[in-house]
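Hello,

Here is the structure I promised to pass on to you. Please open it and keep it beside you while you read my notes.

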Amino acid sequence: MKHPILFFLLSILSLSGIAGEVTLSGYLKDKANGEALIGATVYIPALKTGVITNPYGFYSISVPQGNYSVNYSFIGYLTQTQQVSLEGSKQVHVQLEEDSKQIDEVIVTGEKKNRNVESLQMSMEKVQVKMIKKLPSFMGEVDIIKSITLLPGIQNGGEGSSGLYVRGGGPDENLMILDEAPVYNASHLLGFFSVFNSDAIKDVQVYKGGIPAEYGGKASSVIDIRMKDGNSQQLGMSGGIGNISSRLTVEGPIIKDKWSFIVSGRRTYADYLGRLAGVETLKENKLYFYDLNLKTNVQINDKNRIYLSAYTGDDYFKVGESIYMRWGNLTSTVRWNHLFSDKLFSNTSFIFSRYNYNLGVPGNNADQFDWSSQISDYNFKEDFSWYLNSKNKLTLGFNIIYHHFEPGKVETNPGSFFSDLRLMNYNALDNSVYVSNEQSVGPRLTLRYGLRYSYFQQIGKGKVRTYLNPERPDEDEVTGENEYGRGKLVPPAYHNLEPRLALKYMLNPESSVKASYNRMAQNLHLISNTNSPTPLDIWLPSHAYIKPLIANQVGLGYFRNFDDNKFETSAEVYYKKMDNVIDYVDGAELFLKENLETELLRGSGYAYGLELYAKKQEGRLTGWLSYTLSRSMREIPGINDGKAYPSSYDRTHNISLVANYDLSKRWNFSSSWIFATGNPTSFPVAKYDVQGNTMYFYSSRNGDRIPDYHRLDISFTYDFKKNEHRKVKQSLNFSIYNLYGRRNAYSVTFRQNEDNPNISEATRLSIIGSLIPSVTYNFNF
């Protein structure tokens, strides 16, 4: 039998309900554009029970037979109440209409007002694109990733960095997915912008802890980003023109209410305009990036819907005939939603993802070369949501991934003084299966318990060196080499059980206590000796000398709302223990290194912290204040004499203050201020002279810090003739990044004083040292 699990589910489905219960199910959508409403609420007051919609807008709730008043609600939309007679199971599809009275307000969350208190999930933030577009932006580009760093427990690596540090974890420990496809490098222009075009994005959810069993593969967080489905009601166009880039989005129905599409593109044009203006320095140089998002979905019938989505984006940098760099992502996803019954929802996904980069010297000169590297994934995924009864929701599924790694390849022309070089490629299987149940135990207590099993193993063709001391590989202690043919399994195989647990206890309608535990196994490792990811970093799989990173995290939180849910507050504490953490030997050489395990050291780590959050959700003034107190430490034999030291991602204090104020019907003011403890680093504590060369002796690993980081950004948005009934909507956004011109340090190095070589002086490298204004024109019709 092809689908034994599915047969088992269907065969006992009739036994899952409570006697006399019937099922109300359907989809919730936006009336104006047909977009699925994720996290909308379906509530039956008479039974004091409800459910929220899944990522495709589907809901299912089982109740006793009878006549009920059912409320359908979503923040920013008019609540719709329907009288439903449930003598038997019934499907009710609902379209909600935006509340014009709330359109002017910045909606901080798209969920029920007290969803933060009532929801089982803790350590999760849902980011609304409407809110992001109100925030100040760098060079007029609204950035989803930069906005996420304003939330508690999430920091970045500083100016010009796209890497996220979540609860003491590194930038490679975040599962960043776009319509389920992993994005391995989310940066444009070396980290100043992210690859996610806000015009094409519908929903962003960030999990820092209590991660559900359906997610796995990374140790610290999940950033689940969903693209818009496309307007199924009418043709529309939106976009913007900014300082360095422009955006254009076209969406509409192919068959109304059945088949829709969206095409969204973005490109910088500073180099193009410079050449048109006759700027000499730009005639032979290039510097640009672009993004293109495509998606279409078609409803076959009431039980089947197909989604096809794709993303491609590239950065290109070229300085005459001196050097060039090119890097980019390509993803595609095919999904099939199927309803086996009003209780059993399934999603089948075929996913492809690739990240590649090139570096070289063009032309035919003696220094010509072309270096390329890439990682590719082929992924088949099956997920089931089974609404057993009014108290239990079961989710289960499996995932089969084939990884292909090309760490590095150098190709040269005949006249080059460089030689061709090819590092060994890797292939790996990454399979998993999971099951989880969300259960209501009385009116106050809700539990979610689950288990994920993961299996990871390399497959040939490949070679594995053997060393005299396998626990500490040394280039001078190679004892042999084992070869494996194409398709042969390369030992060892890594099997991991990853339990997940979450609970919520309602103290009263305004407050709750939540706790969570999750164990995560990560088998893909970013090999980089910089604090922030760069396009030239290398991804490697777990193998005999690089073991899976294992993270165990516990969390406890208190959630409380005030003044009829206008004010939302929370306090969370967490502790995370990590095993098989990688760090690098002093002076590690990673560039085009065949056997990188000789440059790596392995040990353990731990992180803990306190996260405080206060948010105002309604009124002319909205925004939030967050504070994070945290530590992230490492203990690795061979570094710092085996003593614990701060990791490169350790930030003791982090503060974010965000405010939005509607000055009038047309004018809106927004501001954000952030403060973060300086990055850990090592400063020299002594120097000595060796044959006329000054050598420095450094302090313990990460024993010092660069200066603290802080910055204020502001923006004003002007809406032309604001009238929600007008077909054309236009606005101007004026932003100032780094208002008081703070010269935040990216790094601090030491050099000899030019006038007195006996004196060493510190030199601060600042990426941005002044305020940066921008103007962006946005339109929508």
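Below is what I found, beginning with some paired strands and ending with the nonpolar cores. Please keep in mind that this is a predicted model.

**Three strands in a row**

A good place to begin is strand β38, which covers residues 600–616 and pairs with strand β37, residues 567–584, in the antiparallel sense. The two are joined over 17 bridges. To find your way along this pairing, look for Ile582, whose bridge partner in β38 is Arg602.

β38 also pairs with strand β39 (residues 621–635), again in the antiparallel sense, here over 13 bridges. Tyr606 stands opposite Met633 of β39. There are 4 residues between the strands in the hairpin of β38 and β39, and in that hairpin Gly619 has a positive phi near 100 degrees.

**Asn668 and its surroundings**

Next, please go to strand β42, residues 667–676, where you will find Asn668. Is Asn668 buried or exposed? Its relative accessibility is 2%, so Asn668 counts as buried, the cut-off being under 20%.

What does the side chain of Asn668 reach? One partner is the backbone oxygen of Tyr661, at 3.4 Å. The side chain of Asn668 also makes a polar contact of 2.9 Å with the side chain of Asp662. Setting aside residues up to four places away in sequence, the residues that Asn668 touches include Lys134, Leu663, Ser715, Phe716 and Thr717.

**Leu388**

Strand β25, residues 369–389, holds Leu388. With a relative accessible area of 15%, Leu388 is buried. If you would like a distance to check on screen, take the C-alpha atoms of Leu388 and Phe567: they are 35 Å apart, and the two residues are separated by 179 residues along the chain.

**The nonpolar cores**

The largest nonpolar core has 42 residues. Which of them touch the most other members? They are Ile148, Leu164, Leu178, Phe196, Ile201, Val204 and Ile223. Several elements each supply at least two residues of this core, among them α3 (129–132), α4 (144–148), β16 (201–207), β17 (221–227) and β42, the strand in which Asn668 lies.

Ile148 is a handy residue to centre your view on. Leaving out neighbours within four places in sequence, Ile148 is in contact with Val127, Ile154, Leu164, Val204, Val206 and Ile223. Another core, of 28 residues, lies apart from the largest one, and its members include Tyr184, Ala428, Leu590 and Leu596.

Happy exploring, and best wishes!

Methods: Residues numbered from 1 in each chain as written. Predicted model: local features only at pLDDT ≥ 70, side-chain atom pairs only at ≥ 80, totals over all residues. Heavy atoms only, no water. Pairing = 2+ DSSP bridges. Buried < 20%, exposed > 50% of the residue type's maximum accessible area, 1.4 Å probe, protein only. Polar contact = N/O pair within 3.5 Å; in protein donor to acceptor, adjacent residues only side chain to side chain. Contact = heavy atoms within 4.5 Å. Core = buried A, V, L, I, M, F, W, Y, C linked by side-chain atoms within 4.5 Å.
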